[in-house]
Each structure stands twice: as C-alpha cells, then as structure tokens.
Amino acid sequence: QVQLVESGGGLVQAGGSLRLSCATSANIDSLKTMGWYRQAPGKQRELVAHSTSDGSTNYAGSVKGRFTIQRDNAKNTVYLQMNSLKPEDTAVYYCAVGVRGSYEYWGQGTQVTVSS
C-alpha cells in the first residue's frame, strides 16, 4: 500500500508562485509514474503534469512553460512548482503515482486559489 500526503496549497495573487508537495510512503525510486491532476469548478479533471522514472516529463498546454514537476529522492517527495499563476489555475490539485506504469494511488487533494 502506498499513501500520499499533499501540502502547500493556499491563496496566492496572480503572477505569483506556489510549490505543492506530495510525500509518499514508497521509495520514490520504485515509482514508474508520477503526476498531478487538477479539477476546477464546473470543469473536468485534467492531467497537468506527468513524469516517468527515466526523467521524461509531459505538461498540459495550459501550464507548459509555467509549471514544473520535480522530485526529491532523499525525501521521497514529488513537487509541483507553479509559476506565473493565473486565476484560471484555481482548482483542487491531486497528486498521483504508479508503481507499475499507471496511476493507482492518489492523494487527498489540496486547494489552490489564485486571486486577481
């Protein structure tokens, strides 16, 4: 069983930055996939950042160039660095990981609110 604990959400002004953390109970070296989803009010859940164990990354077009998925192997933690935040980024953000190439474990979600 893998458990994920998210933190770092909150209120930030447009143009500001925020870093979300996802602490995992698993050895991060064993994770094949790591990613962040978000769901904004009235919208479908979308995958915003994806990373694999070989270091490759993929981003949704709406966040590419502004968001970066990162990891700290020593702390077994996955991060989402968010820069140049916009009000449209307001959503509940979810961390997800997989040990066999799919997202089978999910965090509890953390609220990010960007004010104008």
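Where does Asn76 lie? In this predicted model, Asn76 sits in the loop that runs between β7 (67-72) and β8. The backbone of Asn76 has a phi near 50°, which is a positive value in a residue other than glycine. Most residues other than glycine have a negative phi. Ser84 also has a positive phi, of about 50°, and is not a glycine. Ser84 belongs to the loop between β8 and β9. With a relative accessible area of 39%, Ser84 is partly exposed.

**The sheet that holds β7 and β8**

The two strands that flank the loop of Asn76 are part of an open sheet. This sheet has four strands in the order β1-β3-β8-β7, and the pairing is antiparallel. At its edges stand β1 (4-7) and β7, each of which pairs on one side only. On average, neighbouring strands of the sheet are turned by 20° against each other, with direction ignored. Between β7 and β8, which run antiparallel, there are six bridges. Ile69 stands opposite Leu80 of β8. In a regular strand, side chains alternate between the two faces of the sheet.

**Strand β9 and its partners**

Strand β9 spans residues 91-98. Seven of the eight residues of β9 are buried, so the strand is mostly covered. The pairings of β9 with β4, β10 and β11 are listed below.

| Pair | Direction | Bridges |
|---|---|---|
| β4 and β9 | antiparallel | seven bridges |
| β9 and β11 | antiparallel | three bridges |
| β9 and β10 | antiparallel | two bridges |

Particular residues can be followed across these pairings. Thr33 stands opposite Gly98 in β9. Tyr93 has Thr110 in β11 as its bridge partner. Ala96 faces Trp106, a residue of β10, and β10 covers residues 105-106. β9 and β10 form a hairpin, with six residues between the two strands. In the turn of this hairpin, Gly101 has a positive phi of about 95°.

**The disulfide**

How many disulfides does a search of the whole structure find? The search finds one. Cys22 and Cys95 form it, with their sulfur atoms 2.1 Å apart. The pair links distant parts of the chain, since Cys22 is in strand β3 and Cys95 in strand β9, 73 residues apart. The torsion about the S-S bond is about -80°, and therefore the disulfide is left-handed. Both ends are covered: Cys22 counts as buried at 0% relative accessibility, and Cys95 is buried with a relative accessible area of 0%.

**The nonpolar core**

The largest nonpolar core has 29 residues. Which of them touch the most other members? These are Leu20, Trp36, Leu80, Met82 and Tyr93. Several strands each supply at least two residues of this core: β3 (18-24), β4 (33-39), β5 (46-52), β7, β8, β9 and β11 (110-115). The largest share, four residues, comes from β9.

Two of the core residues named above have already appeared in the strand pairings. Leu80 stands opposite Ile69, and Tyr93 is bridged to Thr110. Met82 can be described through its contacts. Apart from neighbours within four places in sequence, Met82 is in contact with Gly16, Ser17, Leu18, Leu20, Arg66, Phe67, Tyr93 and Val112. Among these contacts, Leu20 and Tyr93 also appear in the list of core residues that touch the most other members.

**Thr90, in the loop before β9**

The loop between β8 (77-82) and β9 (91-98) also holds Thr90. Is Thr90 buried or exposed? Thr90 counts as buried because its relative accessibility is 18%, and the limit for buried is under 20%. Ser84, in the loop between β8 and β9, is instead partly exposed at 39%.

The side chain of Thr90 reaches the backbone nitrogen of Val114 at 2.9 Å. Leaving aside neighbours within four places in sequence, the contacts of Thr90 are Ala40, Pro41, Gln111, Val112, Thr113 and Val114. Val112 is thus in contact with Thr90 and is also listed among the contacts of Met82.

Notes: Residues numbered from 1 in each chain as written. Predicted model: local features only at pLDDT ≥ 70, side-chain atom pairs only at ≥ 80, totals over all residues. Heavy atoms only, no water. Buried < 20%, exposed > 50% of the residue type's maximum accessible area, 1.4 Å probe, protein only. Polar contact = N/O pair within 3.5 Å; in protein donor to acceptor, adjacent residues only side chain to side chain. Contact = heavy atoms within 4.5 Å. Core = buried A, V, L, I, M, F, W, Y, C linked by side-chain atoms within 4.5 Å. Pairing = 2+ DSSP bridges. Axes fitted to C-alpha atoms, helices over the stretch in contact; angles between N-to-C directions. Disulfide = S-S within 2.5 Å.
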